[in-house]
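Ready for some practice in reading a protein model? Take a look at the sequence and the structure, then work through the exercises.

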Amino acid sequence: MQEGAPADLASVAPLAETAEWRAFVEAAHRADRRAGTLRVVEAAGLSVDLSTQAQSDELAAAGAALLAARDFEAARARLLEGGIANCTENRAAWHTALRAEEPPGRVAGRVLAERDRVRAFVRHVDAEGRFDSVVHIGIGGSDWGPKLVVAALGYAGTRRQMRFVSNIDGHAIEAGLIGLDPRRTLVVVSSKSFNTTETLHNADCALRWLREAGIADPWEQVVAVTANPDAARDMGVAPERTFTFWDWAGGRYSVWSAIGLPIALALGAEALDGLLQGAAAMDVHFATAPLAANGPVQLALAGLANRNAFGYASLNIAPYDARLVHLVPYLQQLEMESLGKSVDLEGRPVTVPTGPVVWGMPGTDGQHTFFQWLHQGPEGAPVDFIICREADHPYPEHHRLLVANCLAQREALLRGKSASVLEAELAPEESDPARAAWLARHKMHPGGRPSTLIVLPRLSAHALGALLALYEHKVFVQGLVWGINPYDQWGVEYGKVLASGIARELAGKAPAGGHDASTAYWVAQWGNGGM
Ligand code: F6P
């Protein structure tokens, strides 16, 4: 054990030095990457089709051995039982407790009481009929979850107008408030820490807006959701309008807590319940399904082979569903804040690359944006295709075309198209064989590019909850294998500290200093204007 690491931390060997890791990587290289043999895992109502990933019996066995070597079963039990999963902050990562139908004993009372408070508040707002708009202020994990779910399930309309304001760019709050009637607007301020610059400044702005409308007690229209209720009270929010969650729920894992309040305000408590139930179903699947038929585990192993055996530096997310417009940023935060780490649990530099860059956009827009790069760029990237079996709109031909496009992209990535096939195709119209060969090289697709297809029955709250939990558990498994802590985010903290120092300098409240030449130049440029 490295000096300074917590004494009760289980010591694990640096990953690259383990025989199981080497065997896994070698098996991945020997596995078939083009056969596309059917391999579909059923997970909590979702079908996770891994047929177009590298596969072989040897790779499956090596994956299981790798997980055993990293003590997967004990780590999973620790996670699900609320043990210390986040060692640098010495706390649990117990998002599963927030959505369990019967939350575990230690936290059951608090979790159920807060769930009831959220629902009672929504009933009260509905009954009162006073607010026809909600301005939700929060950022990162206090924004993406509700924003994603409200856009996905409320695509055809919500019970009241919903505006989400996250960015410190003043245009965001301007757009968030414009055109709303202050007297009929409820402001929800969501922040785990209640200490985030963007959120506090935007909340301040919203309060001014209420005051300027002549509202005598603007706090009466403000609700807080936080793990720091004292800070909310100090700011002025009444305890009866403050909904709490706890430090053991990480920001990017918090949509299952009272952070889900805007979902219930927009879509009704049933939507929030369905979301929680779907995620809880995925938790049960993750906890009980055998490894070979375990969706999160198999998704994680495929990702490890792609990242570390085949060297793919990124993962493309392609939801073939226009309603999932915020899924990519949600998963970017989940994956990149969790897995963008360079030291292992013992504080040693990692010995293999960790979390990939996550990027993408809904298909079919992505096809006309970056799929060229996926098909013919020299690096390529694995793609997670996500689609619903059934649509909720009345245009069957649209859904047929959407499905066709999704399947076709996947097939093209797998199959590719060789130069010789292309030359044969070109021969009838190209009399010059040299030109045919040249053109064939331009049109060639390498193929053998991995992807996963995740099929939801339809975009219900239940299926969406299961989908998000699938990725949460995948991240856990990958973090475990890489030996890193998926539940802290020190890199974000450092930037926040520097930003607050520069903001003080720009306001003339602190002397500028200690910067590199370029930062000093720009601080002087803006600072001299008296910002
Ligand atoms: O982006 C960094 C982060 O700390 C996230 O983990 C978190 O979701 C976000 O800031 C917002 O933090 P808070 O909910 O405390 O305002």
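Two exercises follow, each with a worked solution.

This is a predicted model, in which local features need pLDDT of at least 70, side-chain atom pairs count only at pLDDT 80 or more, and totals for chains, interfaces and linings use all residues. Residues are numbered from 1 along each chain as its sequence is written.

**Exercise 1.** Work out how helix H1 and helix H2 pack.

*Solution.*
Step 1: Find the helices, which are DSSP runs of H or I with at least four residues, numbered from the N terminus. H1 covers residues 19-30 and H2 covers residues 57-69.
Step 2: Look at the geometry. The angle is about 160° and the axes lie 9 Å apart; axes are lines fitted to C-alpha atoms over the stretch in contact, and angles run from 0 to 180 degrees between N-to-C directions.
Step 3: Classify the angle. H1 is therefore roughly antiparallel to H2, a term for angles over 145 degrees.
Step 4: Check who meets whom (C-beta atoms, placed from the backbone, within 7 Å). Trp-21 and Phe-24 are among the H1 residues in this contact, and Leu-59 and Leu-66 are among those of H2.

**Exercise 2.** Describe the six-stranded open sheet, starting from its strand order.

*Solution.*
Step 1: Read the order, S1-S2-S11-S10-S8-S9, with mixed pairing. Two strands (E runs of at least two residues) pair if DSSP finds at least two bridges between them.
Step 2: Find the edges. S1 (40-43) and S9 (357-360) each pair on one side only.
Step 3: Zoom in on S1. Four bridges join S1 to the antiparallel S2 (residues 46-49), and Val-41 stands opposite Val-48 in S2.

How values were computed:
Parallel < 35°, antiparallel > 145°, perpendicular 65-115°, else oblique. Contact = placed C-beta atoms within 7 Å.
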